[in-house]
Amino acid sequence: MRLDTMELLRDSGNNRQRAEEHFNRSVLFAFPYANKTQYFAVLQKWHHQIHAPVTGSSRRKVYPQQFLHDLLDAFMVRNMDDEIVMRDLGLFSKIILDVEQTYISIDDVWRYREMLNYFQQIAKNSYELEPIDYIVRDNAVNISTIHRVKGLEFPVVFVADLVNRRFPGDASCYKGILPETLMHDAISRGAYGSRVEDEARLFYTAITRAERMLYLTGSACHPGLKTRKKPSSFTVNLAHESLRDDFTLDELSAKMDQISRFDESDFPTDYSSVKSYLTCPYSYKLATVYGYNAAVPELFGFGKTSHTTLERLHQRFKDHAPTDEEVYEVVEDTFMLKHVFPSKDPINRPGSYERAKSLLHCILQEYSKQYAADFGRLRQDEARFEISVKDALITGAIDLLLKEDPQRGVTTADVIDFKTMELPENSTDFDWRDMSIQVQLYSKAAREIMGENVETGYIHTLKDNRRTAIPVDDQSVNNAIGVIEWAVQGILSGDFPMRACKSSCNSCDFSAMCAKRREGFANQEMPPQINTPAGLKTIAAFAEEDDC
């Protein structure tokens with residue numbers, strides 16, 4: 001249904017009669033609460049976005065995920081209570097996410113039509129709904145093609161047959177009956193043949209399905225072949241020692257006997273996923289159970305590129321702070337925003353991309369001055385961890401600053417979570433709950449998994465270069481773990497009430513598909529309070545409606 005509606009904008013002609021017939025015959029049948037006036041407004045807005053001539057010094061930002069959100073708002077899906085429809089729409093959101101990773105923006109007719117063609121010709125047969133009991137993991141192995149698992153993740157993934165001329169296979173070319181000149185455009189885009197670039201993208205999809213462990217397998221000896229098969233070039237190129245550990249089948253079998261089996265009762269997740277449950281369990285359900293994706297926000301990726309650039313600075317300058325010129329050089333070499341386009345005339349007409357990069361120059365130059373001592377300490381960036389709590393396995397990555405004594409080695413460690421934001425003048429008015437739990441969880445991981453003596457935890461807000469201490473004493477950490485375990489229990493029991501409140505709903509990524517009701521929890525047990533820089537706080541989901 002949403003695809004049929006999007007097809008109305010394939011051509012530049014704005015046929016209102018056709019759109020009205022589609023609404024009366026199809027939209028109302030599937031979405032009985034749909035608003036016709038809003039439906040036409042959405043079509044008009046997006047017709048202009050897609051078909052308007054290109055002007056200005058940079059490309060327009062036209063994201064199909066936002067188009068879907070606008071349509072769902074007009075279809076009034078918030079008033080529906082149909083599990084299958086909501087899951088089907090969530091799957092379509094996943095498909096659109098794949099499109100956005102390829103085209104980034106659909107700001108011209110050609111890209112928009114290519115997206116529609118992908119939906120019609122490929123996506124229909126390449127995606128399928130997950131079972132609704134997605135949390136229950138059977139004691140069995142899922143066998144699938146790579147195309148079928150796009151958008152899904154599994155605790156352990158085996159990618160088989162990684163040998164030369166199998167994956168990647170031999171390059172092939174078009175051998176159809178239609179003239180090659182007629183098929184030139186499709187062939188040049190990789191259709192009707194195979195190229196190593198296409199198989200490399202497929203390989204990337206395969207290896208990024210793993211949550212905990214990834215096994216890449218291949219056999220040198222094949223029945224009927226006298227010569228031994230060579231390893232796949234894809235596995236050969238994964239050469240960094242931190243990425244691989246090679247075993248024969250017998251060695252792997254022995255090693256597997258030593259590895260504790262993944263318990264299906266241990267729900268694999270990370271704090272970034274769990275924290276939405278603490279504000280509104282229904283938003284967690286929309287994102288994680290149904291699979292909805294947020295629309296691409298303004299300056300999407302600025303936090304990630306800022307963090308990556310900061311890592312590069314610390315990797316390059318380990319015993320002294322960089323100068324402004326050295327910071328400038330690292331930012332220029334590292335900065336990248338995938339969803340924001342550089343200006344065609346960056347000197348005379350800088351756009352959002354150039355302004356964001358200039359801001360990062362200023363932020364990191366100021367950081368290098370104010371926190372020059374950080375560069376004299378050992379730094380462990382993005383240290384990966386897994387920590388068990390009741391019924392769940394929490395994964396994540398920590399930034400640590402280590403204090404080292406020449407005779408005694410590392411003596412203390414600070415957990416620091418960098419955020420690309422700034423605090424209000426009175427920081428006690430800020431909502432520290434989510435960030436406090438995150439730092440407290442990370443301090444527990446650093447102590448128990450990495451063996452570091454964590455004395456302090458901090459939130460460092462980069463835009464104003466302020467560093468705020470987070471309580472990481474035993475009681476604060478235990479409370480944070482208790483909050484996470486409470487959330488995991490709610491997730492595993494399928495307890496996903498809407499917990500509407502003004503502040504949360506205004507910033508929610510899924511307001512278009514939520515009725516914004518205040519529903520009760522099936523579990524009446526209260527989680528522990530969170531110890532924050534502003535004192536003890538109750539999680540947002542249990543706060544009073546006017547205060548949350």
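This report describes the overall composition, one helix, one hairpin, a buried serine and several salt bridges of a predicted model.

**Overall composition**

The protein chain contains 18 helices and 10 strands. Of its 548 residues, 45% are buried. When contacts between residues at least 6 apart in sequence are considered, 72% of them join residues at least 24 apart.

**Helix α8**

Helix α8 covers residues 196–207. Its 12 residues should span 16 Å at 1.5 Å a residue, and the C-alpha atoms at its ends are 16 Å apart, so the expected and computed values agree. The buried residues of α8 are Glu-199, Phe-203, Thr-205 and Ala-206. These residues lie on the same side of α8, because they cover an arc of only 155° around the axis. Their packing partners are β1 (154–159), β2 (210–216) and α9 (233–236). Arg-201 and Tyr-204 are exposed, and they sit on the face of α8 that is turned away from its buried side.

**The β7–β8 hairpin**

Strand β7 (residues 454–461) pairs with strand β8 (residues 466–470) in the antiparallel sense, and the pairing comprises 5 bridges. Within this pairing, His-460 stands opposite Arg-467 of β8. The hairpin has 4 residues between its strands, and Asn-465 adopts a positive phi near 50° there.

**Ser-105 and its surroundings**

The loop between α5 (83–103) and α6 (109–126) holds Ser-105. With a relative accessible area of 0%, Ser-105 falls under the 20% limit and is therefore buried. A polar atom of the Ser-105 side chain lies 2.9 Å from the backbone nitrogen of Val-62. Val-62 is also one of the contacts of Ser-105 beyond its neighbours within four places in sequence. The others in that set are Arg-59, Arg-60, Lys-61, Tyr-63, Arg-111 and Phe-341.

**Salt bridges**

Side chains of opposite charge can pair when their charged atoms come close. In the whole structure, 16 salt bridges are found. Three of them are set out below, with the separation of the nitrogen and oxygen atoms.

| Basic residue | Acidic residue | N to O distance |
|---|---|---|
| Lys-45 | Asp-70 | 2.8 Å |
| Lys-419 | Asp-417 | 3.1 Å |
| Arg-517 | Glu-519 | 3.1 Å |

The bridge between Lys-45 and Asp-70 links distant parts of the chain, with Lys-45 in helix α3 (residues 36–51) and Asp-70 in helix α4 (residues 64–74), 25 residues apart. What is the relative accessibility of Lys-45? The value is 40%, so Lys-45 counts as partly exposed. Its partner Asp-70 has a relative accessible area of 14% and is therefore buried.

In the bridge of Asp-417 with Lys-419, Asp-417 is buried, with a relative accessible area of 10%. Lys-419 has 19% relative accessibility; buried means under 20%, so Lys-419 counts as buried.

In the bridge of Glu-519 with Arg-517, the relative accessible area of Glu-519 is 25%, which means that Glu-519 is partly exposed. Arg-517 also counts as partly exposed, at 43% relative accessibility.

How values were computed: Residues numbered from 1 in each chain as written. Predicted model: local features only at pLDDT ≥ 70, side-chain atom pairs only at ≥ 80, totals over all residues. Heavy atoms only, no water. Helix = DSSP H or I, 4+ residues; strand = E, 2+ residues; numbered from the N terminus. Buried < 20%, exposed > 50% of the residue type's maximum accessible area, 1.4 Å probe, protein only. Polar contact = N/O pair within 3.5 Å; in protein donor to acceptor, adjacent residues only side chain to side chain. Contact = heavy atoms within 4.5 Å. Salt bridge = Lys/Arg side-chain N within 4 Å of Asp/Glu carboxyl O. Pairing = 2+ DSSP bridges. Expected span 1.5 Å × (residues − 1). Arc of directions from axis to C-beta.
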